[in-house]
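Take a look at the model below. The paragraphs after it go from the overall layout to the single elements.

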Amino acid sequence: MLKSARVLVVDDDRAVRTALSVNLRKAECEVSLASSVAEALQLLRESPFDVLLTDVNMPEGSGMRLLDEVRQHWPDTRVVVMTGFGSVKDAVTAMKAGASDYIIKPVERDELLLLLGRALATRALQRELTQLRQEVTEKYGFANMIGISRPMRDVYGQIEAVADSNALVLINGETGTGKELIAHAIHYRSRRAHGPMVAVNCGALPETLLESELFGHERGSFTGATRQHQGKFEQADGGSLFLDEIGEIPPSVQVRLLRVLEGGVFTRVGGEIPVKVDVRVICATNRDLRKEVQTGTFRADLYYRLNVFNIKIPPLRERRDDIPLLVAHFCKKFAERHGRREPTLSAAAMRELQAHAWPGNIRELEHFMERTVLLAAGGDVAIVHLPDSDIVERPGGVGIRIADIGAGGLPFALDQVERRLIIDALQESGGVQAHAARALGISRSNLNYRIGRLNIRMQDITFG
Ligand SMILES: Nc1ncnc2c1ncn2[C@@H]1O[C@H](COP(=O)(O)OP(=O)(O)OP(=O)(O)O)[C@@H](O)[C@H]1O
Ligand SMILES: [Mg+2]
């Protein structure tokens, strides 16, 4: 840790400077020396230091002023102050002002090295924390949420409106529409952002386990409960609790959940001591809870409690304008991840992607684009192979407009039309090539040749 750490020693007493520098150099630190605050500031301006070791009482300008300057302009530099035995009070003041540690003169070598090691370790941790925070914010800020369509702008507006309140949020949306992403965005844009964000998948656990997962249990409350166990509600104290697939929770747990949401107080399974927590709950479901209430599988009182602020995420097929942006985003992401060049998609390929129904929404598109980037192997993508049955809109049949002609030019566009007609003919003939050839007015061998040239495969044809 200490090896090649950059340390700046500031003391007006030459003997002290010399002694410290000898010890620090033995520990393989890179040491610079200053005899005044002015000199120290000059050195700091020239290059950064890991640790500043400064005397508090110096004739011209005290070490406290230096501490203030460093906190303000070089927040990454740790400050350790040195004081005489008689002025421990100064040390306390310095600690309050942001020094990371103090040492009493005369400075002992072992103590000094221990202390510097500690200062450097906290600095490393601090840096790591700052970096992690930044990564998390980048991941869950709006930066990574792609989409500028009207419905998505509405969603952003709702996130913005609710994030910094303590209101319960219920997120609705089909599978893969981004419910989890939005739950995180709400947490990281709230005042609880520095608190924990704990997620529970309510659909993944059987009834009894879910109960102790959420509320914890006391020792001996059931066979196998050998220790007291903290539930997710306790773990999320001071932060947010994300209850994913809330529609799946069984009735007994629904009752308990309602009680916590109303009072903020609960007891662990098998316990009597009330536990109080400060938790903001965010839930998500792909079910229509109102319907579940009507059929009696979901408690009406819980539903009304949860439904304070409802964010509905539209399925991808209702915001096709966002598809080109998402495609570009995923091309870039997966090209980077897999070390490939970003492929360029032809207009025809993009049209196919925009026409697809995407029942698995963004998740399906994301996986599809990862595959496409890999298959493209750094080349361009002229056509994409989507399962035909999922295409809900095919604007104008095989009709093609000049605006649709992409990088491949007319020959490529004509190939697309030919391909479409052959697939349709094969489909209608139930896969019998002789019949398809007759419908197309060509010989069977000619059809065969074209199938090969256009790389039409069985998967491209859906029967039904
Ligand atoms: N607007 C968006 N921009 C970019 N990526 C998105 C967007 N929405 C979702 N994704 C990505 O799509 C994938 C699925 O999102 P997420 O897991 O949040 O969906 P979900 O609604 O929770 O799905 P499920 O109901 O199946 O749990 C994730 O990889 C997520 O990062
Ligand atoms: Mg999810």
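Domain bounds here come from an automatic or database domain assignment. For the protein chain, that assignment gives domain 1 (6-135), domain 2 (146-314) and domain 3 (318-460). The centres of domain 1 and domain 3, taken over C-alpha atoms, are 65 Å apart.

The model is predicted: local features need pLDDT of at least 70, side-chain atom pairs count only at pLDDT 80 or more, and totals for chains, interfaces and linings use all residues. Residues are numbered from 1 along each chain as its sequence is written, while chains are lettered from A and ligands numbered from 1 in the order in which they are written.

Some terms come next. Helices (H or I, at least four residues) and strands (E, at least two) are DSSP runs, numbered from the N terminus. Two strands pair if DSSP finds at least two bridges between them. Strands of a sheet pair through backbone hydrogen bonds, either parallel or antiparallel.

Start with the sheet that holds strand 1. Its five strands form an open sheet in the order 2-1-3-4-5, and the pairing is parallel. Which strands lie at the edges? They are strand 2 (30-34) and strand 5 (101-104), each of which pairs on one side only. From one strand to the next, the twist averages 20°. Angles run from 0 to 180 degrees between N-to-C directions, and axes are lines fitted to C-alpha atoms, for helices over the stretch in contact.

Five bridges link strand 1 (residues 6-10) to strand 2 in the parallel sense. Arg6 has Glu30 of strand 2 as its bridge partner. A helix lies on this part of the model too. Helix 4 (residues 88-96) lies across strand 4 (78-83) and strand 5. Helix 4 runs at about 165° to strand 4.

Now move to the sheet that holds strand 6. This open sheet has five strands in the order 7-8-11-6-12, with parallel pairing. Strand 7 (197-201) and strand 12 stand at the edges with a single partner strand each, so one side of each has no neighbour in the sheet. On average, neighbouring strands of this sheet are turned by 20° against each other, direction ignored.

Strand 6 (residues 169-172) runs parallel to strand 11 (residues 280-285), joined by four bridges. Strand 6 also runs parallel to strand 12 (residues 309-312), again with four bridges. Follow Ile171 to see both pairings. Its bridge partner in strand 11 is Ala284. Its bridge partner in strand 12 is Ile311. Strand 8 (residues 240-244) pairs with strand 11 in the parallel sense over four bridges. There, Leu243 has Cys283 of strand 11 as its bridge partner.

Helix 7 (residues 179-188) packs on this sheet, touching strand 6, strand 7, strand 8, strand 11 and strand 12. Its direction makes about 165° with that of strand 11. Contact between two residues means that their C-beta atoms, placed from the backbone, lie within 7 Å.

Helix pairs come next. Two packed helices are described by the angle between their axes and the distance between the axes. Angles under 35 degrees count as roughly parallel, over 145 as roughly antiparallel, 65 to 115 as roughly perpendicular and the rest as oblique.

The axes of helix 8 (residues 207-215) and helix 10 (residues 251-263) come within 9 Å and cross at roughly 15°. Helix 8 is therefore roughly parallel to helix 10. Glu207, Leu210, Glu211 and Phe215 of helix 8 make the contact with Ser252, Val253 and Arg256 of helix 10.

Helix 13 (residues 323-338) packs against helix 15 (residues 361-376) at an angle of about 50°, with the axes 9 Å apart. These two, helix 13 and helix 15, are therefore oblique to each other. The contact includes Phe330 and Phe334 of helix 13 and Met369 of helix 15.

Finally, helix 16 (residues 409-428) and helix 17 (residues 433-440) pack at about 130°, their axes 8 Å apart. Helix 16 and helix 17 are therefore oblique to each other as well. Leu421, Ile422, Ala425, Leu426 and Glu428 of helix 16 meet Ala436, Ala439 and Leu440 of helix 17.
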